[in-house]
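Got the viewer open? Here's a tour, one selection at a time, with a note on what to look for at each stop.

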Amino acid sequence: MTALSVSTSAAASLRADALVIGVAKGPKGIVLAPGAEAVNEAFEGKLAEVLSTLGATGAEGETVKVPSAAGLKAALVLAVGLGEAAEDGYELEALRRAAGVAARTLAGSKKAALVLPAESAEEIEAVALGGLLGSYAFGTYKGNGNGKEPVGELVLLAARKGSKDAKAAVERAAVVGEEMNRARDLVNTAPNDLNPKSFAAIAQAAGKEHGLKVEVLDEKALVKGGFGGLLGVGNGSVNPPRLVKVAYTHPKAKATLAFIGKGITYDSGGISLKPAGHNETMKCDMAGAAAVFAAVVAAKRLGLAVNVTGWLALAENMPSGSATRPGDVLKMYGGKTVEVLNTDAEGRLVLADAIVRAGEENPDVIVDVATLTGAMVLALGNRTFGVMANNDDLRETLHTLAGEAGEQSWPMPLPAELRKGMTESTIADLANMGDRMGGGLVAGLFLKEFVAEGIDWAHLDIAGPAFHEGAPFGYTPKGGTASAVRTLVRFAERTAAGDKA
């Protein structure tokens with residue numbers, strides 16, 4: 001894994017394989033971003049001219065390599081585009097993306113120094129996090145020599161007077177980045193290797209390493225407890241379901257958060273089988289559980305003064321002679337009955353069990369995270385997740401915090417009229433399907449039915465951004481993205497500071 005460090009050395013004297021500077025689009029051509037002054041001096045003030053000659057425009061994500069000049073200890077200068085020139089500083093997300101592009105471009109290098117325009121602790125953290133995320137590579141199934149190794153070390157330059165704050169910022173970035181990459185690893189792992197039992201074992205190992213309390217309910221315990229949603233979804237698989245509780249407590253905590261993650265380790269659709277073209281990436285249907293797991297570990301590593309309990313609702317949705325059929329009725333944990341009209345609407349079933357169980361511990365807030373509906377992807381696209389809640393302030397808070405953390409989200413409603421379609425089952429309390437139009441909202445309304453009275457609850461549908469199938473961009477790789485981890489961590493930090501909404 002790529003190491004992060006802070007140096008107060010001058011850029012010109014730092015020994016590295018590459019110095020990374022920022023460039024931007026100015027009104028009259030390319031502009032060097034703050035931080036590149038010493039590098040420009042080594043090029044006798046003509047660095048912008050050299051880069052322009054090589055075709056650089058400063059466009060976001062653009063990279064241009066230049067052999068180093070006399071007076072620089074680094075062997076190479078890498079210019080990364082930041083987009084339009086900014087007079088009052090660059091947005092944090094622009095810095096994250098630039099650092100991510102640089103780290104990915106320099107794969108195979110041992111050491112790179114980031115001399116991007118970052119002076120404040122927030123800017124330094126953004127650069128560090130972007131660099132760590134951009135250096136990510138999943139090589140579990142690759143043969144030796146197949147692909148370059150991630151850059152070995154990223155060094156951030158900081159002014160001596162602010163080096164203490166810079167180091168703290170980098171340390172936070174390291175925790176969040178490492179836990180996001182943990183979530184990415186889980187999402188990218190092949191489903192023949194990651195099933196409910198093995199995921200639970202990973203959680204137990206992490207709990208032991210970081211001092212978290214982990215409890216695992218296996219299929220026998222689920223039967224005894226009456227977890228009909230998890231059992232109904234997992235019935236068709238040879239890999240039985242699990243409900244995993246990962247708990248972090250702090251002695252000074254004044255609030256408790258419950259994070260719940262959908263963990264379908266592979267979703268074939270069950271008897272309502274997905275067609276070809278829709279099931280090849282369904283190993284990612286446990287991205288919500290991965291995000292929750294990573295967020296709880298991050299909260300512990302950061303020492304946040306808040307209690308955070310993660311609930312991982314793990315199952316594999318497969319067709320077989322023992323699988324739940326359309327038309328079956330499940331008795332959920334807590335007693336409600338659900339008529340299953342579509343076995344491919346399974347995520348809401350496992351989440352419902354976990355929501356009721358989490359509610360028994362009376363948390364201040366419940367937030368569930370799930371790759372829940374294709375309808376949300378149709379509504380918001382591949383990079384934005386939907387936010388629903390039974391409390392308007394909570395919904396807006398999560399939307400705001402997501403933006404601050406660099407994640408795209410959008411607040412979505414829970415229209416009362418869409419509830420009717422779910423409650424018209426003639427044989428059960430609810431159906432797991434309702435109106436076809438507004439399907440993402442219907443799923444949110446279904447989950448709301450299982451939230452205990454008096455508990456604030458929010459639902460993040462990350463179906464779009466959880467798994468990126470296109471070319472890498474910024475710090476986002478192809479495959480698992482760790483969507484929602486930063487939002488959950490930021491929410492835990494805000495709650496620790498005394499503000500839940």
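In which helix is the place of Arg348? Select residues 347-359 and you have the answer: that's helix H10, and Arg348 sits in it. Keep in mind as you click around that this is a predicted model.

**Stop 1: Arg348.** Stay on this residue for a moment. UniProt, in an unreviewed entry, gives Arg348 the feature "active site", along with Lys274. Buried or exposed, then, is Arg348? It's buried, because its relative accessible area is 6%, under the 20% cut-off for that label. Now show what surrounds it. Leaving out neighbours within four places in sequence, Arg348 is in contact with Leu372, Thr373, Asn432, Met433, Ala443, Phe446 and Leu447.

**Stop 2: residues 342-349.** Widen the selection to this stretch, which carries the feature "domain: Cytosol aminopeptidase" in the unreviewed UniProt entry. The chain here is 38% helix and 0% strand. Put a distance line between the end C-alpha atoms and you should get 11 Å.

**Stop 3: Lys274.** Next, pick the other residue that the UniProt record lists under "active site". Lys274 is in the loop between strand E10 (256-267) and helix H9 (287-302). Loop or not, Lys274 counts as buried, because its relative accessible area is 14%. Which residues does it touch, once neighbours within four places in sequence are set aside? Light up Asp267, Ser268, Gly269, Asn279, Met282 and Asp344.

**Stop 4: Asn362.** Go back to H10 and follow the chain on towards strand E14 (365-370); Asn362 is in the loop between the two. Check its backbone: phi is near 55°, a positive value in a residue other than glycine. The side of the burial scale changes here too, since Asn362 is exposed, with a relative accessible area of 61%.

**Stop 5: Glu44.** Here's another backbone to check. Phi of Glu44 is near 55°, again positive in a residue that isn't glycine. Where will you find it? Look in the loop between helix H1 (37-42) and helix H2 (47-53). Glu44 is exposed, at 68% relative accessibility.

**Stop 6: Leu129.** Select helix H4, residues 121-134, and pick out Leu129. This one is buried, with a relative accessible area of 4%. Not counting residues up to four places away in sequence, Leu129 touches Arg96, Ala173, Val176, Gly177 and Arg486. Add Gly100 to the view as well: it is 29 residues away along the chain, yet the two C-alpha atoms are separated by 8.2 Å.

**Last stop: zoom out.** Select everything and colour by secondary structure. You're looking at 14 helices and 20 strands. The radius of gyration is 24 Å, close to the 23 Å that the globule rule gives for 501 residues, so the protein is as compact as a globular protein of that length. Along the principal axes, the C-alpha atoms fill a box of roughly 80 × 50 × 45 Å.

Try colouring by burial next: buried residues make up 56% of the 501. Contacts reach along the sequence, too. Among those between residues at least 6 apart, 76% join residues at least 24 apart.

Finish with the surface and the charges. The accessible surface comes to about 20,500 Å², and 49% of it belongs to carbon and sulfur atoms. As for charged side chains, there are 50 positive and 57 negative, with the centres of the two sets 5 Å apart.

Terms used: Residues numbered from 1 in each chain as written. Predicted model: local features only at pLDDT ≥ 70, side-chain atom pairs only at ≥ 80, totals over all residues. Heavy atoms only, no water. UniProt positions renumbered as here; feature names shortened; annotations may be inferred. Helix = DSSP H or I, 4+ residues; strand = E, 2+ residues; numbered from the N terminus. Buried < 20%, exposed > 50% of the residue type's maximum accessible area, 1.4 Å probe, protein only. Contact = heavy atoms within 4.5 Å. Rg over C-alpha atoms; globule rule 2.2 N^0.38 Å. Areas by Shrake-Rupley, 256 points an atom, 1.4 Å probe, with all protein chains shown as cover. Lys, Arg positive; Asp, Glu negative; His and termini not counted. Charge placed at Lys NZ, Arg CZ, Asp CG, Glu CD.
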